[in-house]
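Work through the exercises below with the sequence and the 3D structure open. Try each task before reading its solution.

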Amino acid sequence: MTAAILALQGAFAEHETMLERLGVDCFEIRQLKDIERSFDGLIIPGGESTVMRKLLGELGLLEPLRERILSGLPVYGTCAGLILLAKEVEGGELCFGTMDITAKRNAYGRQLGSFYTEAEMKGIGSIPMTFIRAPYISAASEQAEVLAEVDGNIVAARQGNQLVTAFHPELGTDTRVHEYFLDMMSGKR
């Protein structure tokens with residue numbers, strides 16, 4: 001099983017480290033030729049969603065990756081990745097638009113609004129959650145299953161082959177969210 005990590009900007013190296021700890025083969029996607037390689041799942045990291053969206057378009061990666069996601073490729077988006085997958089974005093522009101959720105950009109404010117908490121995530125249990133200039137999901141359709149909420153705000157959801165979290169599990173040591181995604185990649189979840 002091989003995971004690809006979008007490595008245009010943001011916290012891609014931390015996801016790579018987490019996958020390596022779990023013994024998973026992974027590689028970075030930086031240009032169009034990288035997606036010619038075989039991979040079973042895609043991680044879209046946190047970072048600056050506007051910059052990532054711009055680079056995806058300029059590098060010709062947006063449509064080929066969007067088509068793969070729509071064809072069933074398992075994808076996991078953290079923070080900015082959540083925004084890029086959302087069909088609607090409050091305070092921003094659409095990118096992939098493949099998941100029936102509405103993302104609210106910078107919902108917790110600027111960098112000073114960053115925080116850490118622990119909360120329940122469906123199918124996993126209580127997990128640590130680090131939020132950095134995080135979005136949240138302000139609306140989710142019936143197709144999108146809510147997996148976690150913090151203070152009444154949706155911070156994790158799944159729709160078929162797509163998983164999103166507003167928080168950054170790659171910044172801690174708990175591997176369970178990545179394990180959940182790996183189970184999606186292997187068809188166990």
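**Exercise 1: Two residues with positive phi**

Cys79 has a relative accessible area of 4%, so Cys79 is buried. The model used in these exercises is predicted.

Task: Find where Cys79 lies, and do the same for Asp151. Then decide whether Asp151 is buried or exposed.

Solution.
Step 1. Cys79 sits in the loop between E4 and H4. Its phi is near 50°, a positive value, although Cys79 is a residue other than glycine.
Step 2. Asp151 belongs to the loop between strand E10 (145-150) and strand E11 (153-159). Asp151 is not a glycine, yet it has a positive phi of about 55°.
Step 3. Buried means under 20% relative accessible area, and exposed means over 50%. The relative accessible area of Asp151 is 72%, so Asp151 is exposed. Cys79, with 4%, is buried.

**Exercise 2: The surroundings of Thr78**

Task: State which strand holds Thr78, and which backbone nitrogen its side chain reaches.

Solution.
Step 1. Thr78 is part of strand E4, which covers residues 75-78.
Step 2. The relative accessibility of Thr78 is 0%, so this residue counts as buried.
Step 3. Neighbours within four places in sequence are set aside; the contacts of Thr78 then include His15, Ile44, Pro45, Gly46 and Phe167.
Step 4. The backbone nitrogen reached by the side chain of Thr78 is that of Gly46, at 3.0 Å.
Step 5. For a separation in space, take Gly152: from C-alpha to C-alpha, Thr78 and Gly152 are 19 Å apart, and in sequence they are 74 residues apart.

**Exercise 3: The faces of two helices**

Task: List the buried residues of helix H1 and of helix H3. For each helix, explain how these residues are placed around the axis.

Solution.
Step 1. Helix H1 spans residues 12-21, and its buried residues are Phe12, His15, Glu16, Met18 and Leu19. Viewed down the axis of H1, these buried residues fall within an arc of 160°, so they line one face of the helix.
Step 2. The buried residues of H1 pack against strand E1 (2-6), strand E2 (25-29), strand E3 (41-44), E4 and helix H5 (176-186).
Step 3. In helix H3, residues 62-70, the buried residues are Leu62, Leu65 and Ile69. Their arc around the axis is only 80°, which puts them on the same side of H3. Glu67 and Leu70, on the other side of H3, are exposed.
Step 4. Look at what follows each helix. After H1 comes Gly23, with a positive phi near 75°; after H3 comes Gly72, with a positive phi near 110°.

**Exercise 4: A pocket and a cavity**

Task: Give the volume of the largest pocket and of the largest cavity, and describe what lines them.

Solution.
Step 1. The volume of the largest pocket is about 200 Å³. Its lining has 16 residues, and those nearest the centre are Gly47, Glu48, Cys79, Ile132 and Arg133.
Step 2. By class, the pocket lining consists of seven nonpolar, six polar and three charged residues.
Step 3. The largest cavity has a volume of about 30 Å³. Its lining is made up of Ser49, Thr50, Arg53, Ile83, Leu84, Gly92, Glu93 and Arg105.
Step 4. Helix H2 (49-58) and helix H4 (80-85) are the elements that give two or more residues to this lining. H2 supplies the largest share, three residues.
Step 5. The cavity lining divides into two nonpolar, three polar and three charged residues.

Key
Residues are numbered from 1 along each chain as its sequence is written. This is a predicted model: local features need pLDDT of at least 70, side-chain atom pairs count only at pLDDT 80 or more; totals for chains, interfaces and linings use all residues. Side-chain values use heavy atoms; hydrogens and water are left out. On a 1 Å grid over the protein atoms alone, a cavity is a set of points where a 1.4 Å probe fits but cannot get out, and a pocket is an open set with protein on both sides within 12 Å along at least five of seven lines; lining residues have an atom within 4 Å of a point. Grid points are joined across faces, edges and corners, and a volume is the space filled by probe spheres set on the points. Ala, Val, Leu, Ile, Met, Phe, Trp, Tyr, Cys and Pro count as nonpolar, Asp, Glu, Lys and Arg as charged, and the others, Gly among them, as polar. Helices (H or I, at least four residues) and strands (E, at least two) are DSSP runs, numbered from the N terminus. Buried means under 20% relative accessible area, exposed over 50%, partly exposed in between (1.4 Å probe, protein chains only). Contact means heavy atoms within 4.5 Å. A polar contact is a pair of N or O atoms within 3.5 Å; within protein, one must be able to donate a hydrogen and the other to accept it, and residues adjacent in sequence count only if both atoms are side-chain atoms. The arc is that of the directions from the helix axis to the C-beta atoms.
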